[in-house]
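Me: I have a structure to go through with you, and I'd like the reasoning along with each answer. Shall we begin?

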Amino acid sequence: MMTKSLATLLLGSVSFESPDSARAQSAGMAMPAAPAATGADDGMGGMYMGGASTSDTEKVDVKAARLAPIRRAGARLLSIPGGTNIIDSKMVLKQRNATSADLLSYQPGVYAQAPAGSDDLRLSIRGSGLQVGANATRAGVIVLFDDLPATTPIGSFNELMEPLGIDYTEVLRGGNGLDRGSLQLGGLIDFHSFTGYDAKTYQARVEAGSFGYVKEQLSSGKVIGRSDYYLSVTNSYRSGFQDQTKATAFGVNFNYGYRFNDSVDTRFFFRYRQTYEGNPYYLTRAQVRENPKQAQYPYSTWGTYTIEPGTKYYGNRTTIRIDEASRIMIGATYIDAPMDHQLGNTSSIYNNFYLSGVVNYTRNDTVLGRTSETTAGLYATGDLPGSDFLNQVRRQAAYPGVPIGTLIDKQRLGGSSTVFHVSNNTEIFRNFWLTAGGGLSYDPRSGSVVYPVRNHFSTAPLNFAPRGGFRYQFTPEIRLYGNVSRSVQSAQDWQFLSGTHYTSGLATGQTEGWQKLEPQTATTFEIGTEGTVRGQHWTVSYYHSAVHNELLSAVTPTSQLYNSAVFTNASRTTHQGVEAGIDGTLFRWNGNTITYMQAYTWSDFHYNHDPVFGHNRLPGVPQHYYQGELHADFRNGFYTTFDVEAASSIVASYDNGARTAPYHIYSYTLGYLWPKKDRRVYLQFHNLANKHYAMGVVPVYTSTNGDAAAELVGDGFGIFAGVDVGFN
């Protein structure tokens with residue numbers, strides 16, 4: 001999307017001193033709608049920048065603090081010998097930004113969909129999270145906000161991932177997230193908020209359109225002496241394309257920073273979000289084809305919905321630069337995330353309290369004349385007392401004579417996850433780097449049923465996950481990398497309650513016993529390349545994961561009635577795939593540019609000699625997934641985009657009898673950015689052909705007559721408009 005290489009643009013802005021500085025290269029794919037590559041920020045349009053190495057970044061922090069944070073992040077990512085992405089939100093804001101699925105679009109290796117336009121994100125990287133198709137917390141990928149923990153033993157909370165107020169996002173796929181505490185199969189996503197240093201003093205944004213959609217944002221950021229602040233308030237409403245999919249949300253994203261001196265700074269964070277989401281449940285392929293607006297019967301008559309009445313997130317991050325060669329970052333977060341699921345015959349009430357901490361130490365040395373970079377850290381998170389969940393009577397028709405709200409059962413949760421990680425990245429000879437490291441994971445889990453019976457379970461697995469890799473810089477603009485890594489993922493604490501069921505009393509049908517679930521482990525090999533030639537930037541990675549005890553789930557008619565799923569460890573499985581992206585400039589004339597961007601992901605996830613399912617594919621994501629965009633920026637301020645999204649069929653059942661229909665949809669956007677770059681309007685047409693399609697599934701065991709009620713509906717044709725105004 002730029003005519004100059006990312007390395008050239010970065011190196012033209014600051015002088016680096018380390019031996020690796022001349023080999024700067026991009027760290028991931030650019031996002032939609034990048035302006036012409038002049039090296040200048042367009043104010044509201046933004047641009048993607050890659051970077052050099054970790055050692056270069058340290059010098060940038062000390063000597064050139066004014067350098068844009070996204071460019072420093074690009075420099076850090078370059079030192080990772082594996083697949084990464086970096087997303088500039090200023091580019092995403094040229095179109096609708098309803099959910100984090102919009103923010104994570106056009107990223108090789110990332111499958112992110114928002115069923116019914118809600119925050120209930122379906123997120124998978126390298127096959128992660130296949131087992132969490134039907135709940136409000138993500139798994140398989142560690143989520144950070146501003147380098148601080150947001151993933152707990154229960155998972156990552158969907159409602160906190162509001163895209164507005166985010167400056168840029170880093171995605172470290174697979175084992176490439178080790179240096180920040182991720183040992184999970186999918187890797188890590190780190191959302192970075194705006195601060196007073198990079199936000200407009202005042203900004204207002206309004207989006208509106210089809211399906212009753214309205215979203216509003218007011219924000220402000222400013223530097224005051226050694227202090228700075230950023231505040232973003234969002235409010236949204238959507239009546240829904242599909243029946244029973246009304247969604248509302250209100251949120252606050254605030255941070256305050258103080259720089260004591262050039263060596264010590266601290267920043268406090270606060271996030272708050274409350275949401276309401278209607279739940280239409282799932283349709284068959286035939287139902288999607290005939291009428292995708294319908295909700296599943298009989299839930300269509302029950303008024304099913306979920307409320308997050310007020311999730312609160314508090315955090316602090318303090319960075320100490322010990323000397324020119326080393327620094328340490330210490331942080332902590334507290335999360336209070338209540339949930340109220342009004343689904344099926346019962347309502348499920350969750351009280352969630354978590355305390356998390358992180359420590360990261362980085363050091364740059366010279367060994368025998370070569371640069372050596374060392375990272376060591378700790379990621380820890382745990383349930384706090386009071387974390388529990390209970391089920392109550394919701395439908396009196398299912399419990400004749402029993403008052404609504406009567407307690408049926410109650411459970412308490414207790415668990416934690418602690419990861420100690422260390423790695424070293426050393427230049428062995430000119431242009432060739434070796435990486436070695438590993439993580440030690442301790443994941444105790446426990447739970448107790450306290451009503452109507454009493455029982456208890458506990459487990460305390462300890463695992464080691466080593467990692468090794470290399471990267472070779474052929475030229476300043478082309479590099480090759482490879483790695484082998486081990487991943488470890490324990491089940492979310494609530495998933496262990498997946499054993500026997502009550503057979504008598506008011507709790508009949510509810511789960512009584514705890515299931516023994518082993519941690520999911522995998523060995524992953526990855527090889528890839530990325531580079532820039534004549535303004536065309538590419539990235540390609542191939543990975544192969546041999547997975548043991550994969551954590552899988554399925555929804556059954558009985559479990560659906562009680563807002564649950566059945567969890568188990570699978571026999572040996574294989575995950576492999578290709579993550580590819582290319583972007584660049586096609587034409588440039590008289591200050592006008594036409595650019596393009598393409599992202600393709602091939603995913604092959606299957607059993608290996610399973611006694612029941614043989615070599616069947618695992619349900620959850622399409623085998624082929626493509627997103628492409630053609631974008632034109634005109635010097636008079638107008639811009640336009642044409643987008644394509646295409647996916648092959650998605651397996652919906654473990655017997656492979658049920659599949660979604662393949663689909664391709666087209667969208668078009670026309671916008672105008674005022675010459676002063678502080679005002680923008682756009683008009684977006686989504687799904688121009690009004691395609692009926694399913695964009696995801698909730699896995700079921702077996703199909704019935706080649707179909708199953710497992711499909712999540714995508715939006716039909718819609719028109720959306722937006723206005724964005726900011727000034728200092």
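Me: Which residue's ring lies beneath the charged end of arginine 471?
Reply: Residues are numbered from 1 along each chain as its sequence is written. This is a predicted model: local features need pLDDT (the predictor's confidence in each residue, from 0 to 100) of at least 70 and side-chain atom pairs 80 or more, while totals for chains, interfaces and linings use all residues, and side-chain values use heavy atoms, without hydrogens and water. A charge sits over a ring if NZ of Lys or CZ of Arg is within 6 Å of the ring centre and within 35 degrees of the ring normal. At 4.3 Å from the ring centre, the charged end of arginine 471 sits over tryptophan 433.

Me: How far is arginine 395 from the ring centre of tryptophan 302?
Reply: Here again an arginine is placed over a ring: arginine 395 lies over the face of tryptophan 302. Its distance from the ring centre is 3.8 Å.

Me: What mean pLDDT does the protein have, happily or not?
Reply: Residues 1–66 have pLDDT that stays under 50. Even so, 90% of the protein's residues reach 70 or more. The mean pLDDT of the protein is 88.

Me: How many residues separate tyrosine 111 and tyrosine 625?
Reply: The structure holds 31 aromatic pairs (Phe, Tyr or Trp six-membered rings with centres within 6.5 Å; planes under 30 degrees apart are stacked, over 60 edge-to-face, the rest tilted). Tyrosine 111 and tyrosine 625 form an edge-to-face pair, 5.1 Å centre to centre with 80° between the planes. The pair links tyrosine 111 in strand β2 (residues 110–113) with tyrosine 625 in strand β35 (residues 624–633), strands being DSSP runs of E of at least two residues, numbered from the N terminus. These distant parts of the chain are apart by 514 residues.

Me: Are tyrosine 111 and tyrosine 625 buried or exposed?
Reply: Relative accessible area decides this: under 20% is buried, over 50% exposed, and in between partly exposed, with a 1.4 Å probe and protein chains only. Tyrosine 111 has 8% and tyrosine 625 has 6%. Therefore both count as buried.

Me: Why is the pair of phenylalanine 145 and phenylalanine 191 called tilted, and what is the angle between its planes?
Reply: Phenylalanine 145 in strand β5 (residues 142–145) and phenylalanine 191 in strand β10 (residues 187–193) are 46 residues apart. Phenylalanine 145 is buried at 2%, and phenylalanine 191 is buried at 2% as well. The ring centres are 5.7 Å apart, and the pair is tilted because its planes stand at 40°.

Me: Which strands stand at the edges of the sheet?
Reply: This open sheet of five strands has mixed pairing (paired strands share at least two DSSP bridges) in the order β1-β9-β10-β5-β6. Each edge strand has a single partner, so one side of each is left without a neighbour in the sheet. The edge strands are β1 and β6.

Me: Which residue in β10 stands opposite isoleucine 166?
Reply: In strand β9 (residues 166–173), eight of its eight residues are buried. β9 pairs with β1 (residues 84–88) in the antiparallel sense over five bridges, with aspartate 88 opposite tyrosine 168. Seven bridges join β9 to the antiparallel β10, where leucine 172 stands opposite leucine 188. Opposite isoleucine 166 stands serine 193.

Technical notes:
Helices (H or I, at least four residues) and strands (E, at least two) are DSSP runs, numbered from the N terminus. Contact means heavy atoms within 4.5 Å.
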